[in-house]
Amino acid sequence: MEVDIFKEIIVPVIGGLGVFMLGLEFMANGIQALSVNKMREWLAKMAGTPAKGVLAGTLITGIIQSSTAMTVMTVGLVNAGVIALRPAISVIMGANIGTTLGNGLIALPLGPLGLLFGGIFGLIYVFGKTDRVRNIALACLGFALIFYGLNLMTGGLKPLKDMPEVMSVLSSLDASTFPGVIACALIAALVTAMIHSSSATIGIVMGLGASGVLPWQTAIAFAIGADLGTTITSWMASLNLTKNAKRAAYAHIGFNFIGVTVVLLLFFPAIEVLKWGMGFFGGDPGTPVVVDGKETFPLVPVAVGIFSIVFNIFNVLILYPFVGAFERVLSRIGHSSEEDIEDYSVPRYLDRKLIDSFVSAVPAVEQETRRQLQAAALFLDIARDKPGVPKDPGEHHTATDLLGRDIRSYSAALFHEDMPREQLDLVASLIEEVDFTGSLSETLHQIARRVKRSEFSDPSRAFIDEALDRLDQSLTPLLFAGDAPEPRLPAGHSKVEPIESLRWRILERDRRVPAAEKGALLALLGSIERAEGMIKRIEDERASVDRATILSDAREGRAHSTAPDRARPEGEGEVALAT
């Protein structure tokens, strides 16, 4: 009987693949809309050690069902400095296990029910009144469409068995020889790289195997290659990110490449083990079952799903002991002297173990806030093009902003209902100082960015150097409060010219300054004036609370029921709102 290629093959295969991938997208979008922010926060907290990283990667990927999304999320968190490289490597290991849980679910014979449940959840999504209901319905709709799409593909692929031309091509991909196994894996890797979804490739392979087009061993070989192809997405996501983010993507590539290589070498012994194991799940995957007069192989998807799960768990087990070696090797890739610069995105003093000890946590916050101020002062060195400082003002601003958020979050956790008023006042003062320091950092970032992006003549550059020196003079007392001052400038910079005098020098007295540059210089002076205002706000905030006395009282167990209202400089509320 002649096969209608368009109607019986092209339509159901392309339609089924589209429905399958749409289901993956719907399910991922629905689940991520419900909890992706919580997942990201939980991942950032959880991935502190390699073991926790593997667990976090497995659980979160098992929930959102996208190792690609998980890996891209991890690369983004590394780029932001939230996660270090070492735990990121273990998270990616766990992501490979998590995504196979979905492959196991896909193997369940629920295809005929997919359309029914897709319709039910589709109606719930359309008529849902709240975002939560709609997102749950969207996730369930996606899950149902995955099975329906797989069912369509399986039906559309069955007629290929009756086409000698197709079968002759596919027979050349037989995995009965080692070269054939490698060829199958490389083809699957290429397909996965093009469609950016290992789950979609696994779904296609399951359909081909269930319809009898591919022998089940060949389907297993294709499933191995899917793990290699999925690394392309994380690599693409890291192209314009930091070196550590790129290294996290390289970790994904290296981990999968090593794992695939090991499993390919052990392919034939693994197939024998899988044959034995399939005895617990129904028998030989190569045994056909006649449905509507046609042979089908319903155990092939089960075999592919089981192999995929065991394969990825096996990879983690053999490579987990080498996480440290991975990190050392990856850290050498693209290493430069810039990487020896301190990373200000990660807190140094905020120990969560101290959070319940007021007398220990407050000094930690003060130290970290001073470090935040040191990071802000580096913008002046960036503007001067000094060696040994961050080159990109934008990246450094991102780091200082992340540090400020961590300090605020840590400080807010110090509040307790039964705290004496003076301790409440001290914590509030710490948070406000962090806020003012963040505003100062933002202003200094704008100064550095303006200086870096514009070309100035030598006379204009002389004015800029004077203005930057002026800020250094103002910052020194803050940076070294309580210690012997260590000026950031050489001797001979003790005199500070009034800013109004600088302004008039630019406008009329110095004829050497080109007229075209006067506007940029005046804007720069305006930013410097705002920075000086924020420096004064920080000084006033530190003076508004007797922190040493409050800490001493707390250390000795003394607490007062009341405390005098803080003396605030006039207009403080307006400034705080403005920042």
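**Exercise 1: a greasy patch on the surface**

Find out which residues make the nonpolar surface patch of about 610 Å² in this predicted model, and which helix gives the largest share.

*Solution.* Start with the members: Phe178, Ile182, Leu186, Leu265, Leu266, Phe268 and Phe314 make up the patch. Next, look for the main supplier. Helix α8, which runs over residues 178–195, gives the largest share, with 3 residues. Now pick out one member, Phe268, which sits in helix α13 (residues 267–277). Its relative accessible area is 37%, and partly exposed covers the range between 20% and 50%, so Phe268 counts as partly exposed.

**Exercise 2: into the core**

Work out which residues touch the most other members of the largest nonpolar core, and which helix supplies the largest share of that core.

*Solution.* The core has 35 residues, and the ones that touch the most other members are Ile220, Ile224, Phe267 and Val304. Then go through the helices: α8, α9 (198–210), α10 (216–229), α12 (243–265), α13 and α14 (299–319) each bring at least two residues to this core. The largest share comes from α10, with 8 residues.

Zoom in on Phe267. Skip its neighbours within four places in sequence, and you find Phe267 in contact with Ala175, Val181, Gln217, Ile220, Ala221 and Ile224. There's also a second, separate core of 34 residues, and Ala375, Leu380, Phe480 and Leu521 are among its members.

**Exercise 3: Leu299 and its company**

Decide whether Leu299 is buried or exposed, and list what Leu299 is in contact with beyond four places in sequence.

*Solution.* First, place the residue: Leu299 belongs to helix α14. Its relative accessible area is 18%, and buried means under 20%, so Leu299 is buried. Without the neighbours within four places in sequence, the contacts of Leu299 are Met278, Phe281, Gly282, Gly283, Asp284 and Pro285. Take Asp284 from that list: Leu299 and Asp284 are 15 residues apart along the chain, and their C-alpha atoms are 7.5 Å apart.

**Exercise 4: charged pairs that link the chain**

The structure has 14 salt bridges. For three of them, say which parts of the chain they join.

*Solution.* Take the pairs in turn.

- Glu366 and Arg547 form a salt bridge with an N to O distance of 3.8 Å. Glu366 is in helix α16 (residues 358–383) and Arg547 in helix α22 (residues 547–555), so distant parts of the chain, 181 residues apart, are linked. Glu366 is partly exposed at 27% relative accessibility, while Arg547 is buried at 10%.
- Arg384 meets Asp472 at 2.5 Å, N to O. Arg384 lies in the loop between α16 and α17 (393–412) and Asp472 in helix α19 (residues 458–479), so this pair ties together parts 88 residues apart in sequence. Asp472 is buried at 1% relative accessibility, whereas Arg384 is partly exposed at 21%.
- Lys452 pairs with Asp385, with the closest N and O atoms 2.7 Å apart. Lys452 is in helix α18 (residues 421–453) and Asp385 in the loop between α16 and α17, so parts 67 residues apart in sequence are tied together. Asp385 is exposed at 52% relative accessibility, and Lys452 is partly exposed at 36%.

One last step: Arg384 and Asp472 also belong to a network of salt bridges that includes Asp381, Lys386 and Asp469.

Note on methods:
Residues numbered from 1 in each chain as written. Predicted model: local features only at pLDDT ≥ 70, side-chain atom pairs only at ≥ 80, totals over all residues. Heavy atoms only, no water. Patch = residues over 30% accessible without salt bridge, like charges linked within 9 Å, V, L, I, M, F, W, Y side chains within 5 Å. Areas by Shrake-Rupley, 256 points an atom, 1.4 Å probe, with all protein chains shown as cover. Salt bridge = Lys/Arg side-chain N within 4 Å of Asp/Glu carboxyl O. Helix = DSSP H or I, 4+ residues; strand = E, 2+ residues; numbered from the N terminus. Buried < 20%, exposed > 50% of the residue type's maximum accessible area, 1.4 Å probe, protein only. Core = buried A, V, L, I, M, F, W, Y, C linked by side-chain atoms within 4.5 Å. Contact = heavy atoms within 4.5 Å.
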